[in-house]
Amino acid sequence: MSRKTILPNIAYDTQRRSYYVTFRRQTPEGTTRRTVQCYPTLELAIQALDRKGGTELLVNGGDLDKLTLGQWLTYWLEQIIKPSRSASTAHGYTMIIRNHLSPNLGSIQMNKLTAAQVQLYLNKMQAEGLCANTVRKHYTLLHNALEHARKQDLLVRNVSEYVTPPSLSDPTHHFYDSETMARLFEILAGTTMEPVVKLAGYLGLRRAEICGLKWNHVDREQKVITISEARTTVNGRPVNKSTKNRSSIRRLGYAGLADMEELIERLWNQRQEEMERLGDDYQDMGYVVCHDGGRPYQADYLTNRLQRVLSKTELPYVTLHGLRHSFASIANSQNVPLFGISRALGHSTTSTTSRIYMHLFDDTHLSVVQAVGEAVGGSSQNIQDTEGPTL
């Protein structure tokens, strides 16, 4: 027999290499109706079973003491997260639940989940190679899901409150100084990557913001670019969305920056020429940075393209997001106030900027100490010059 039961209501077919889920439903006549559906992975099979079981218990009524964590996580994801969060956020949550939380903790009845089980899960994830910051995301997701359950009186307490998650670690950032940035711009001058790196380096844009920038947000007369949209990829499909948060919606002026002024005008003229040359074959979707013919870029394409270019040069490693870090570092080196850097980057608070970029601002501490030392030292010298001889 090729089909073997591996979990309650889930069987694996060794010949077809597929997972079969058995769903049972009570009919109005009091009989049980049985249906079977096929799934390519165990994770999808578990999610489908949890979705069906959780809906029956939570919506149609049932013994809520039997509600498993997996059933609740699936319900929470479908009914609370997806309607209120961006597609990319919901996709990230889905991957954590489907690939990690449900297979490891999903079969446990939610009201019997213990802090020890959660702690062991977090430790296991780190032992399997996930970095501390990623495991911390797992913890945050689980904590939020359990907190929603507690607020709906499905739990007496949130056991994740009694768990110690891993500490956040500082990520490794690669960034350029002004001279290296200028060298990169010089190497890429006249190529399709020139506008990409200059939007990141001169304006500090995220790669999704670069991909989502449209001409109707570029005021060529006032020389102001409004950042209000982003273009990213979710599960292999492009998604247009608003910026990361309200503070990410910002106006960035480039008047007086001759390099950017020339670039924007050149891109506009190239677009007009291409539209006239291709006619109806031009896909005018309004994007500033795009393939020939108007088709927009995907963020991963630009990331990979930059790495291919850098591999042919002697420039140090950097990512597109690293150019955004470079923008912050160079601005700081020019004594731009932290508040101004934060606003330009689209951060919600200056504390966010400080937390992310403090390692880039270390030279500021050095200059502050030097300035204080010079001031105190100079004052001491003045006092000695004005005082009389020591008796």
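**Figure 1. The whole chain holds 14 helices and nine strands.** This is a predicted model. The protein chain has 391 residues, and 40% of them count as buried. Take the contacts in the protein chain with a separation of 6 or more. Residues 24 or more positions apart account for 54% of these contacts. The close-up views below pick out parts of this chain.

**Figure 2. Helix 7 packs against helix 11.** Two packed helices are described by the angle between their axes and the distance between the axes. Here helix 7 covers residues 194–203, and helix 11 covers residues 320–333. The angle is about 30°, and the axes lie 7 Å apart. That makes helix 7 roughly parallel to helix 11, because angles under 35 degrees count as roughly parallel. Which residues of helix 7 meet helix 11? They are Val196, Val197, Ala200, Gly201, Tyr202 and Leu203. On the side of helix 11, the partners are Leu320, Leu323, Arg324 and Phe327. Eight residues of this contact are nonpolar, one is polar and one is charged.

**Figure 3. The largest nonpolar core has 43 residues.** In soluble globular proteins, nonpolar side chains tend to be buried together. Which members touch the most other members of this core? Leu199, Ile225 and Leu323 do. Several elements give two or more residues to the core, among them helix 6 (178–188), helix 8 (207–212) and strand 6 (224–227). Helix 9 (258–278), helix 10 (299–310) and helix 12 (338–345) also give two or more residues each. So do helix 7 and helix 11, the pair in the previous view. A second, separate core has 32 residues. This second core includes Leu73, Ile108, Leu122 and Val135.

**Figure 4. Leu323 is a member of the largest nonpolar core.** Leave aside the neighbours of Leu323 within four places in sequence. Leu323 is then in contact with Tyr176, Met181, Leu184, Val197, Ala200, Gly201 and Val318. Val197, Ala200 and Gly201 also appear among the helix 7 residues that meet helix 11.

**Figure 5. Three strands form an open sheet.** The order is 5-6-9, and the pairing is antiparallel. Which strands are at the edges? Strand 5 (218–219) and strand 9 (250–253) are the edge strands, and each pairs on one side only. Four bridges join strand 6 to strand 9. In this pair, Val224 has Gly253 of strand 9 as its bridge partner. Strand 5 and strand 6 pair over two bridges. Here Val218 stands opposite Ile225 in strand 6. Ile225 is also one of the residues that touch the most other members of the largest nonpolar core. Strand 5 and strand 6 form a hairpin with four residues between the strands. In this hairpin, Lys223 takes a positive phi near 60°.

**Figure 6. Two loop residues, Asp153 and Asn335, have positive phi values.** Most residues other than glycine have a negative phi, and most peptide bonds are trans. Asp153 has a phi near 65°. Asp153 lies in the loop between helix 5 (132–151) and helix 6. Is Asp153 buried or exposed? Asp153 counts as exposed because its relative accessibility is 69%, and exposed means over 50%. Asn335 has a phi near 65°. The loop that holds Asn335 runs between helix 11 and helix 12. Asn335 is exposed too, with a relative accessible area of 68%.

**Figure 7. His143 is a buried residue of helix 5.** The relative accessible area of His143 is 19%. That makes His143 buried, because buried means under 20%. His143 and Glu161 are 18 residues apart along the chain. How far apart are their C-alpha atoms? They are separated by 7.5 Å. Leaving aside neighbours within four places in sequence, His143 is in contact with Asn158, Ser160 and Glu161.

**Figure 8. His291 sits in a loop and is buried.** The loop lies between helix 9 and helix 10. His291 has a relative accessible area of 18%. Which residues does His291 contact, leaving aside its neighbours within four places in sequence? They are Pro296, Tyr297 and Tyr301.

Notes: Residues numbered from 1 in each chain as written. Predicted model: local features only at pLDDT ≥ 70, side-chain atom pairs only at ≥ 80, totals over all residues. Heavy atoms only, no water. Axes fitted to C-alpha atoms, helices over the stretch in contact; angles between N-to-C directions. Parallel < 35°, antiparallel > 145°, perpendicular 65-115°, else oblique. Contact = heavy atoms within 4.5 Å. Nonpolar A, V, L, I, M, F, W, Y, C, P; charged D, E, K, R; others polar. Core = buried A, V, L, I, M, F, W, Y, C linked by side-chain atoms within 4.5 Å. Buried < 20%, exposed > 50% of the residue type's maximum accessible area, 1.4 Å probe, protein only. Pairing = 2+ DSSP bridges.
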